Amino acid sequence: SPDLATSFLEQPLDNPLMNAAGVWCTLAAQLDALVESSAGALVTKSCTLSRRDGNAEPRYRALPLGSINSMGLPNEGYAYYLDYAACHDYERKPLFVSVSGLSLDDNLTIVAALREAVLPAFLELNLSCPNVEGKPQPGYDFEAMDQFLAEVATAYRRPFGVKLPPYFDFVHFDTAAEILNRYDNLAFITCINSIGNGLVIDTDSESTVIRPKDGFGGLGGDYVLPTALANVNAFYRRCPGKTIIGCGGVQTGAHVFQHLLAGATLVQVGTALHEEGPSIFDRLQHELRELMAKKGYSRIEEFRGRLKTL
Ligand SMILES: O=C1NC(=O)NC(C(=O)O)N1
């Protein structure tokens, strides 16, 4: 049957699937469940300098077409995730550490600690959390993003990656890619984070469905798949020297196939994992293998990045 084996920054993986940062990865027990699952890799909840309770509840709602969330970066603080990363068995599967400091200084402190720990973990720098009140997303402020990257790339010196927000304009794809391409140790790009500040209204109650920010929150699920695929392919085309991780709207093996076709090397699962649990990785691999067999593909590299245009 088709082989899902792949590699990421020269590390071998059994398959290209992993969780999206923030989903099933805030506490050690959740992370352990991902290690025990058939996911090919895992990433920790975006961490900040100190532990955070996050935003008031209700702050997440599953919907027929996906999800809306305004979690507000609830996490155990960066030391908790560095401790977890220090105990992880990297022979079993790669571990990514997501970092979302609330300031450049916080990010530099966390990144320096990660570098000092000398662990095989991969740093995913989150530039795109839309849910901390008063904190603009660095991903939507190109000057701030460039400054963040200049300082983090210099301080960390090792290969790292970024988690980007979705962009919706070719000028923004061009400008963001031009910035990313200036950093040689910026080795991977994860597209996309949630589509920020959507508003879901419940007709019966005539109300918003989450409490924070008057109900405005990040969208995931079916709502975001075409935007996620566009961003994966836009950066795949513009950043040939970098590896793309796809995230957004994955619920079936066909969605995984589409992300790979668009140029992704790994594929992250958020909303659907939140709703189905880690067994989803078995289902997605089964569905992807079935689809590959039907199409006559035996390995991912036979079609990855080979999206046809009309
Ligand atoms: O980067 C993030 N994206 C989201 O959609 N939500 C979380 C959060 O709010 O913590 N962070």
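A residue is called buried when its relative accessible area is under 20%. The structure shown here is a predicted model, and the exercises below work through two of its sheets, its ligand site and one loop residue.

**Exercise 1. Decide whether strand β14 is largely enclosed by the rest of the structure, and find its partner strands.**

Step 1. Strand β14 covers residues 216–221, and 5 of its 6 residues are buried, so the strand is largely enclosed by the rest of the structure.

Step 2. Look next for the strands that pair with β14. Strand β6, made up of residues 66–69, runs antiparallel to β14 and is joined to it by 4 bridges. Within this pairing, glycine 66 stands opposite glycine 221, while serine 67 has glycine 220 as its bridge partner.

Step 3. Strand β11, residues 195–199, also runs antiparallel to β14, and here 3 bridges make the connection. In this pairing isoleucine 195 stands opposite leucine 219 of β14.

Step 4. Put the pairings into the sheet. The order β5-β6-β14-β11 describes an open sheet of 4 strands with antiparallel pairing. Its edge strands are β5 (60–63) and β11, each of which pairs on one side only. From one strand to the next, the twist averages 35°.

**Exercise 2. Describe the open sheet of 8 strands, and identify the helices that pack on it.**

Step 1. Write down the order of the strands, which is β3-β16-β15-β10-β9-β8-β7-β4, with parallel pairing. At the edges stand β3 (17–19) and β4 (42–43), and because each has a single partner strand, one side of each is left without a neighbour in the sheet.

Step 2. Examine the pairing of β3 with strand β16 (residues 266–269), which is parallel and extends over 3 bridges. Asparagine 19 stands opposite valine 269 in β16.

Step 3. Add the helices. Helix α4, residues 142–156, packs on the sheet and touches β8 (122–126), β9 (160–164) and β10 (186–191), and its direction makes about 155° with that of β9. Helix α6, residues 225–238, also packs on the sheet, where it touches β9, β10 and β15 (243–247), and its direction makes about 175° with that of β15.

**Exercise 3. Find which residues surround the ligand, and how much of its accessible area the protein covers.**

Step 1. List the residues around the ligand: Lys45, Asn69, Met71, Gly72, Leu73, Pro74, Asn126, Cys129, Pro130, Asn131, Asn193 and Ser194.

Step 2. Check individual distances to oxygen atoms of the ligand. For asparagine 69, a polar side-chain atom lies 2.9 Å from a ligand oxygen. For glycine 72, a backbone N or O atom lies 2.9 Å from a ligand oxygen. For serine 194, a polar side-chain atom lies 2.8 Å from a ligand oxygen.

Step 3. Turn to the cover. On its own the ligand has 290 Å² of accessible area, and the protein covers 92% of it.

**Exercise 4. Determine whether proline 130 is buried or exposed, and name its contacts.**

Step 1. Locate the residue, which lies in the loop between β8 and α4 and is one of the residues around the ligand.

Step 2. Compare its accessibility with the cut-off: proline 130 has 6% relative accessibility, so it counts as buried.

Step 3. Leave aside the neighbours within four places in sequence, and the contacts of proline 130 are Gln137, Ser194, Gly196, Asn197 and Lys213.

Step 4. Consider finally leucine 27, which is 103 residues from proline 130 along the chain, with 22 Å separating the C-alpha atoms of the two residues.

Terms used. Residues are numbered from 1 along each chain as its sequence is written. This is a predicted model: local features need pLDDT of at least 70, side-chain atom pairs count only at pLDDT 80 or more; totals for chains, interfaces and linings use all residues. Side-chain values use heavy atoms; hydrogens and water are left out. Buried means under 20% relative accessible area, exposed over 50%, partly exposed in between (1.4 Å probe, protein chains only). Helices (H or I, at least four residues) and strands (E, at least two) are DSSP runs, numbered from the N terminus. Two strands pair if DSSP finds at least two bridges between them. Contact means heavy atoms within 4.5 Å. Axes are lines fitted to C-alpha atoms, for helices over the stretch in contact, and angles run from 0 to 180 degrees between N-to-C directions. A residue is near a molecule or strand if one of its heavy atoms lies within 4 Å of it. A polar contact is a pair of N or O atoms within 3.5 Å; within protein, one must be able to donate a hydrogen and the other to accept it, and residues adjacent in sequence count only if both atoms are side-chain atoms. Accessible areas come from the Shrake-Rupley method with a 1.4 Å probe; for residues, only the protein chains shown count as cover.
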